[in-house]
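Reader: I have a structure on my screen and would like to go through its pockets, core, cavity and side-chain contacts with you. Could we take them one at a time?

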Amino acid sequence: MSSEAAGDDEDLEPVSFILMRAEDTFDGQDRVMSRTAYDLQCRATAHSARCGHPGFVPDKYLDGLRTETTITAAELCTAGMWQRVDGGYRVLDWEAVEVCLDRVRQIRGEDPQALAWEREREAQIQAHMAKPIVVTPPCAACGTPSARIELVAPGQLPAEWEQWPSTMQGNILRRREPGQWYLLVKGITTDSGYGDPIDASRAGQIAQAFRPPLRFAQVHTAGFYDDAGFCQGCDSPYCYQHWHVSDTGYGYCPHGHGKNLDPHWSPLAVNHQMHPTGDLLGVN
């Protein structure tokens, strides 16, 4: 090796690594990663929270960074911090995502002008991510769909269009405006029927929330009252039958986690809900 080459090697900054102890990680696993990977994890997670797609790192964001990110993203996947999904990466550390979201909420609350700017930027990003989908999460107990979510793009028709009455078809076609999306939702206790018109921003928010693989924290960002049947405690979806829904719209999953599933019932009704074991809940 020449002295010049050796000198070049000596001038190179050694790669530093971060050791994350099990007690400090979101899933109780020891991790070792380069500082470059750790820095990208922090930057990208904060960016995802600021830009309205918490926990999702688009390929376009990584492409826009000056540093090489392909290898670093692969390192984060190997370390169990990220997971490759369609169009980007999913951040698996939802504790970090929640921290970033809390900070964003704090900043927005302190600066009304920043809040307005963030909302506008968030709407633009979400609109760009809108795409037609039909999602039917299978019940973890029996496989029956816990819900059915369909996004219909402008100029397109719902999957079950041919089964609809001709009068309804004509009515929808007359009222539909250019560039308008449609959302059809059949939840645990609710059904939107022939759907509701929404804008591209809302469609993008829902499309990102239902990117596979589905997890409660991600689906929750769609803003559906029943979270498409997902149980936060189990991180799994359940159908109407396995939520054991009562007359008041409150239900319990097979593992006993409770959830109000009907938006038409008030919290007062839920406060007097009986647990399947016969215990009265919510009585102070």
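Reader: Which element gives the most to the lining of the second largest pocket?

Author: The model is a predicted one, in which local features need pLDDT of at least 70, side-chain atom pairs count only at pLDDT 80 or more, and totals for chains, interfaces and linings use all residues. Residues are numbered from 1 along each chain as its sequence is written, and side-chain values use heavy atoms, with hydrogens and water left out. β3 (56–58), α3 (59–63) and α6 each supply at least two residues of this lining, where helices (H or I, at least four residues) and strands (E, at least two) are DSSP runs numbered from the N terminus. The element that gives the most, with 4 residues, is α6.

Reader: About how much space lies in the second largest pocket?

Author: A pocket is found on a 1 Å grid over the protein atoms alone, as an open set of points with protein on both sides within 12 Å along at least five of seven lines, whereas a cavity is a set of points where a 1.4 Å probe fits but cannot get out; lining residues have an atom within 4 Å of a point. Grid points are joined across faces, edges and corners, and the volume is the space filled by probe spheres set on the points. This pocket is lined by 18 residues, with Phe56, Pro58, His128, Met129 and Gln208 nearest its centre, and its space comes to about 340 Å³.

Reader: Which element supplies the largest share of the lining of the largest pocket?

Author: The largest pocket holds about 650 Å³ of space. Of its 27 lining residues, Trp94, Glu98, Leu101, Ala217 and Thr221 are the closest to its centre. The elements giving two or more residues to this lining are α5 (94–110), α6 (112–128), α8 and α9, and the largest share, 6 residues, comes from α5.

Reader: How many residues of the lining of the largest cavity are charged?

Author: A search of the whole structure finds 1 cavity of 30 Å³ or more, and its lining consists of Pro158, Trp161, Trp164, Ile172, Arg176, Tyr182, Leu184 and Tyr194. In this classification Ala, Val, Leu, Ile, Met, Phe, Trp, Tyr, Cys and Pro count as nonpolar, Asp, Glu, Lys and Arg as charged, and the others, Gly among them, as polar. The lining therefore divides, under the class rule, into 7 nonpolar residues, no polar ones and, as charged residues, 1.

Reader: From which element does the largest share of the largest nonpolar core come?

Author: A nonpolar core is a set of buried Ala, Val, Leu, Ile, Met, Phe, Trp, Tyr and Cys residues joined through side-chain atoms within 4.5 Å; buried means under 20% relative accessible area, exposed over 50%, and partly exposed in between (1.4 Å probe, protein chains only). Among the 23 residues of the largest core, Met33, Val57, Leu62, Leu76 and Trp82 touch the most other members. At least two residues each come from β1 (17–20), α2 (35–50), α3, α4 (70–78), β5 (88–91) and α5, while the largest share, 5 residues, comes from α5.

Reader: Why do arginine 215 and aspartate 235 tie together parts that are apart in sequence, and how many residues apart are those parts?

Author: The side chains of arginine 215 and aspartate 235 meet in a salt bridge at 2.4 Å, N to O, a salt bridge being a side-chain nitrogen of Lys or Arg within 4 Å of a carboxyl oxygen of Asp or Glu. Arginine 215 is partly exposed at 40% relative accessible area, and aspartate 235 is likewise partly exposed, at 23%. Because arginine 215 lies in the loop between α8 (200–209) and α9 (216–220) and aspartate 235 in the loop between β10 (230–231) and β11 (236–237), the pair ties together parts whose separation in sequence is 20 residues.

Reader: Is arginine 31, in its salt bridge with aspartate 27, buried or exposed?

Author: Aspartate 27 and arginine 31 form a salt bridge whose closest N and O atoms are 2.8 Å apart. Aspartate 27 is partly exposed, with a relative accessible area of 33%, whereas arginine 31, at 7%, is buried.

Reader: How far is the sulfur of cysteine 239 from the closest cysteine sulfur?

Author: The whole structure contains 0 disulfides, a disulfide being a pair of cysteine sulfur atoms within 2.5 Å. Cysteine 239 counts as buried at 4% relative accessibility, while cysteine 142 is partly exposed at 40%. The closest cysteine sulfur to that of cysteine 239 is in cysteine 142, too far for a bond, at 3.8 Å.
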